[in-house]
Amino acid sequence: MITLYGSGPHFGMPDPSPFVIKAVTLFRMAGIPYTPAEMSFGKAPKGKIPYMEEGGKLIGDSTFIRFYLEEKYGIDFNAGYNSIELAQGWAIERMLEEHFYWFVVHDRWCVERNFEAGPREFFNMAPAPIRPFIKAMVRRQVRKTLHAQGLGRHTDAERNRLGIAHVNAVATLLGGKKYLLGSNPCGVDATVHASLWAASCPLFESVIGAHIRSHEKIMGYIERMSSEFHPGFANGKN
Ligand SMILES: N[C@@H](CCC(=O)N[C@@H](CS)C(=O)NCC(=O)O)C(=O)O
């Protein structure tokens with residue numbers, strides 16, 4: 001039996017982490033049963049979520065989870081697309097996971113109002129007397145990471161310009177298709193859907209989130225994927 005570790009529903013979504021949402025989508029696409037469980041960063045092989053365990057073996061990182069399902073269970077997440085289409089998909093996945101994701105982190109953790117509306121609840125388990133110190137320490141670490149990544153050095157206007165360009169690139173590639181590469185959902189969609197869905201969460205005030213929510217085609221795509229793979233979550237509208 002496989003156990004998939006995440007942090008469960010938050011913010012009106014199956015998980016606050018787009019990488020966990022992606023992993024859940026991959027399991028559902030593959031039709032492989034798993035047991036969801038509450039994560040512990042201390043036990044996560046890479047100190048991040050998602051991670052999974054099967055037969056005592058731990059696998060960290062949503063893409064390595066995908067590779068594991070492909071290799072161990074013979075799952076084909078490519079849905080018959082050709083190598084050029086899949087290469088475009090891979091490039092978009094990397095754009096969203098390695099760059100776009102950090103806009104979401106910034107908007108949730110560094111905008112005071114958004115932090116209070118969302119991530120603050122992660123600290124409710126900490127003992128009250130030390131809670132403010134832990135919160136401040138973790139937020140300082142997030143800002144340092146954003147600075148090292150580079151996004152933390154941009155102005156709001158610069159950051160939003162880049163984020164909107166990413167969303168528009170996805171919209172252009174999507175065109176009039178049902179899924180990113182064509183009429184069948186594939187592994188790329190698990191990433192694209194999770195990234196855009198997380199960024200569109202209306203709980204947070206965000207220029208990029210508002211841009212996604214005003215984009216009929218992108219919202220249609222998010223809703224389609226959400227109702228297919230996460231039907232419990234109000235047709236993907238958060
Ligand atoms: N490349 C990883 C990224 C996972 C990731 O960044 N997860 C975040 C939550 S959204 C996390 O666990 N962050 C904790 C940390 O950085 O300490 C994947 O695809 O799984």
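**Figure 1. Here is the shell of residues around the ligand, in a predicted model.** Sort the shell residues by chemistry and you get three nonpolar, four polar and three charged ones. Who are they? The ligand is surrounded by Ser17, Phe19, Gly47, Lys48, Ile49, Pro50, Asp61, Ser62, Thr63 and Glu97. A couple of these neighbours turn up again in the next view, so keep Pro50 and Asp61 in mind.

**Figure 2. Two shell residues, Pro50 and Asp61, come with unusual backbone angles.** Let's start with a bit of background: most residues other than glycine have a negative phi, and most peptide bonds are trans. Now look at the bond between Ile49 and Pro50: this peptide bond is cis, with omega at about 5°. Pro50 sits in the loop between E2 and E3. Asp61 belongs to another loop, the one between E4 and helix H2 (62-73). Asp61 is not a glycine, yet its phi is positive, about 95°. Is Asp61 buried or partly exposed? It has 19 C-beta neighbours inside 10 Å, so Asp61 counts as partly exposed.

**Figure 3. Phe11 is another residue with a positive phi.** You'll find Phe11 in the loop between E1 and helix H1 (18-30). Its phi is near 60°, and Phe11 is of course no glycine. Count the C-beta neighbours of Phe11 inside 10 Å and you reach 18, so this residue counts as partly exposed.

**Figure 4. Four strands line up in an open sheet.** What is the order of the strands? Going across the sheet, read E2-E1-E3-E4, with mixed pairing. Strand E2 (35-38) and E4 are at the edges with a single partner strand each, so one side of each has no neighbour in the sheet. From one strand to the next, the twist averages 25°. Strand E1 (residues 3-6) and E2 run parallel and are joined by four bridges. To spot this pairing, look for Leu4, whose bridge partner in E2 is Pro36. And here is a handy rule for reading the picture: in a regular strand the side chains alternate between the two faces of the sheet.

**Figure 5. E3 and E4 make a hairpin.** Strand E3 (residues 51-54) runs antiparallel to strand E4 (residues 57-60), and four bridges join them. Glu54 stands opposite Lys57 in E4. Just two residues lie between the strands, and Gly55 in this turn has a positive phi of about 55°.

**Figure 6. Helix H5 leads into a loop that holds Leu151.** How far apart are the end C-alpha atoms of H5? Helix H5 covers residues 131-149, and at 1.5 Å a residue its 19 residues should span 27 Å; the ends are 27 Å apart, so the two values agree. Right after H5 comes Gly150, with a positive phi near 115°. Leu151 is in the loop between H5 and helix H6 (156-174). Leu151 has 20 other C-beta atoms within 10 Å, so this leucine is buried. Leu180 is 29 residues away from Leu151 in sequence, and their C-alpha atoms are 26 Å apart.

**Figure 7. Helix H7 is largely enclosed by the rest of the structure.** Why can we say that about H7? Because 14 of its 14 residues are buried. The length of H7 (residues 187-200) works out too: 14 residues at 1.5 Å each should span 20 Å, and the end C-alpha atoms are 20 Å apart. Now find Glu93, which is in helix H3 (residues 83-109). With 21 C-beta neighbours inside 10 Å, Glu93 counts as buried. Glu93 and Gly187 are 94 residues apart along the chain, but their C-alpha atoms are separated by 9.6 Å.

**Figure 8. Zooming back out, the protein chain has nine helices and four strands.** From the N terminus on, the elements run β-α-β-β-β-α-α-α-α-α-α-α-α. The C-alpha trace spans about 55 × 45 × 35 Å along its principal axes. A compact globule of 238 residues would have a radius of gyration near 18 Å, and the protein chain has 18 Å, which agrees. Buried residues make up 35% of the 238 in the chain.

Key:
Residues are numbered from 1 along each chain as its sequence is written. This is a predicted model: local features need pLDDT of at least 70, side-chain atom pairs count only at pLDDT 80 or more; totals for chains, interfaces and linings use all residues. The expected span of a helix is 1.5 Å times one less than its number of residues. Two strands pair if DSSP finds at least two bridges between them. A residue is near a molecule or strand if its C-beta atom, placed from the backbone, lies within 6 Å of it. Ala, Val, Leu, Ile, Met, Phe, Trp, Tyr, Cys and Pro count as nonpolar, Asp, Glu, Lys and Arg as charged, and the others, Gly among them, as polar. Axes are lines fitted to C-alpha atoms, for helices over the stretch in contact, and angles run from 0 to 180 degrees between N-to-C directions. A residue is buried if 20 or more other C-beta atoms lie within 10 Å of its own, exposed if 12 or fewer, and partly exposed in between; C-beta atoms are placed from the backbone. The radius of gyration is taken over C-alpha atoms; the globule rule is 2.2 Å times the number of residues to the power 0.38.
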